[in-house]
Amino acid sequence: FTFEVLGEVTLGEYKNLGLTKEVATVTPEEVEAKIEGLRAQFAELVLKEEGTVEHKDTAIIDFEGFKDGVAFEGGKGENYSLEIGSNSFIPGFEDALVGMKSGEEKDVTLTFPENYQAEHLAGQEVVFKVKVNEIKSKQLPALNDDFAKEVNQKDIDSLDALKAKFETDILADKQKKAEDDYNNALLTSVVESSTLDVPAVLVDDETQTMLEDFANRLQQQGFSLKQYTEITGQTEDDLRAQMRIDAESKVKVRLVLDAVAKAENISVTHEEIDNEYKTIAETYQMDLERVKQLAPEGTIAYDLRLRKAYDLIRESNQ
């Protein structure tokens with residue numbers, strides 16, 4: 001008989017690694033950027049009676065594209081709303097409209113990108129006949145307490161309160177990122193300082209699990225894995241190859257944490273296992289007995305041991 005065995009792990013340094021967590025801070029500029037982004041969402045398009053097309057304006061245009069004097073399919077539109085700077089059209093088209101007046105007509109000569117999806121147009125020079133029917137500009141709402149009330153943020157009744165909320169939100173996001181970065185840095189350092197023999201079968205199993213999880217998420221959104229591969233032009237083997245990189249990293253982390261648990265004689269009590277079952281049941285609002293059926297006690301104990309091993313690593317580096 002032939003059996004796959006867990007690869008041997010020779011631990012390197014896993015205590016007192018000298019790593020520090022970034023201290024999260026928020027600048028006034030970051031809060032203002034958040035406010036301005038919200039103002040842009042509530043902006044209104046107002047007809048521009050005078051002046052010319054400018055960056056960020058919306059031009060209402062008629063256009064038709066010609067190649068060698070012949071109109072090509074998909075190159076025509078009437079009363080099309082185009083925001084200048086949105087990069088909705090091929091490079092150069094939107095820039096060519098800047099400076100045009102309402103009612104003005106213009107021939108725009110451009111070359112399609114070499115990698116354009118329509119092969120008969122890729123790399124080809126064309127002429128677009130364009131007419132600007134109207135020009136609209138964004139009118140931002142006044143920045144005051146009334147605006148803060150209109151954005152439908154819970155318990156916000158003033159501009160100062162809105163800014164304070166955004167500052168809190170930004171700080172929370174930064175703190176979470178700092179926490180995630182610190183955790184990853186600790187695990188990466190421990191893995192890189194260790195010597196591992198990683199069995200291919202563990203990486204295969206982890207890759208398969210990741211692929212199944214991905215397929216389940218797609219299904220929840222109304223897509224199948226086959227539809228996803230058809231839309232993206234990828235094969236299932238392409239997805240496996242991409243996921244295998246992360247799968248190998250996850251397996252390495254588990255092997256190292258397991259080795260730390262053994263080196264530190266870390267164990268798990270029945271009480272801790274029972275508490276974990278209760279936590280899972282409460283988190284996912286499931287029947288406790290159903291959770292126990294789905295998650296064997298050995299799996300819960302293994303996960304808790306790895307978690308304790310990581311906690312030990314983290315505590316020794318604070």
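**Salt bridges and a charged patch**

Colleague: Which side chain meets that of R240 in a salt bridge?

Modeller: Happy to show you, and keep in mind that this is a predicted model. Side chains of opposite charge can pair when their charged atoms come close. For R240, the N to O distance is 3.3 Å, and the partner is E236.

Colleague: Why are R240 and E236 separated by about one helical turn?

Modeller: Look at where they sit: both belong to helix α7, which covers residues 236-263. R240 is partly exposed at 25% relative accessible area, and E236 is partly exposed too, at 38%. The separation is about one helical turn because, along the helix, their spacing is four residues.

Colleague: Is D57 buried or exposed?

Modeller: Start with its partner: D57 and K48 meet in a salt bridge, 2.8 Å from N to O. K48 has a relative accessible area of 16%, so K48 is buried, since the cut-off for buried is under 20%. D57 has 5% relative accessibility, which is also under 20%, so D57 counts as buried.

Colleague: How many residues apart are E179 and K21?

Modeller: These two form a salt bridge, with their closest N and O atoms 2.8 Å apart. The pair links distant parts of the chain: E179 is in helix α4 (residues 159-193), while K21 is in the loop between β1 (9-10) and α1 (28-41). Along the chain, they are apart by 158 residues.

Colleague: What relative accessible area does K21 have?

Modeller: Its partner E179 counts as partly exposed, at 24% relative accessibility. Partly exposed means between the cut-offs of 20% and 50%. K21 is partly exposed as well, because its relative accessible area is 39%.

Colleague: Which residue is linked with K21 and E179 in a network of salt bridges?

Modeller: The structure as a whole holds 22 salt bridges. K21 and E179 form one of them. The network that links these two also includes R314.

Colleague: Which helix gives the most to the negative patch?

Modeller: The negative surface patch is formed by D145, D146, E150, D155, D157 and D160. Three residues of the patch come from one helix, which spans residues 145-150. That helix is α3.

Colleague: What is the relative accessible area of D145?

Modeller: D145 lies in helix α3 and is one of the residues that form the negative surface patch. Residues in a patch need over 30% relative accessible area. D145 is partly exposed and passes that cut-off, because its relative accessible area is 39%.

How values were computed:
Residues are numbered from 1 along each chain as its sequence is written. This is a predicted model: local features need pLDDT of at least 70, side-chain atom pairs count only at pLDDT 80 or more; totals for chains, interfaces and linings use all residues. Side-chain values use heavy atoms; hydrogens and water are left out. A salt bridge is a side-chain nitrogen of Lys or Arg within 4 Å of a carboxyl oxygen of Asp or Glu. Helices (H or I, at least four residues) and strands (E, at least two) are DSSP runs, numbered from the N terminus. Buried means under 20% relative accessible area, exposed over 50%, partly exposed in between (1.4 Å probe, protein chains only). Patches are made of residues with over 30% relative accessible area and no salt bridge: like charges are joined within 9 Å, nonpolar side chains (Val, Leu, Ile, Met, Phe, Trp, Tyr) within 5 Å. Accessible areas come from the Shrake-Rupley method with a 1.4 Å probe; for residues, only the protein chains shown count as cover. Lys and Arg count as positive and Asp and Glu as negative; His and the chain ends are not counted. The place of a charge is taken as NZ of Lys, CZ of Arg, CG of Asp or CD of Glu.
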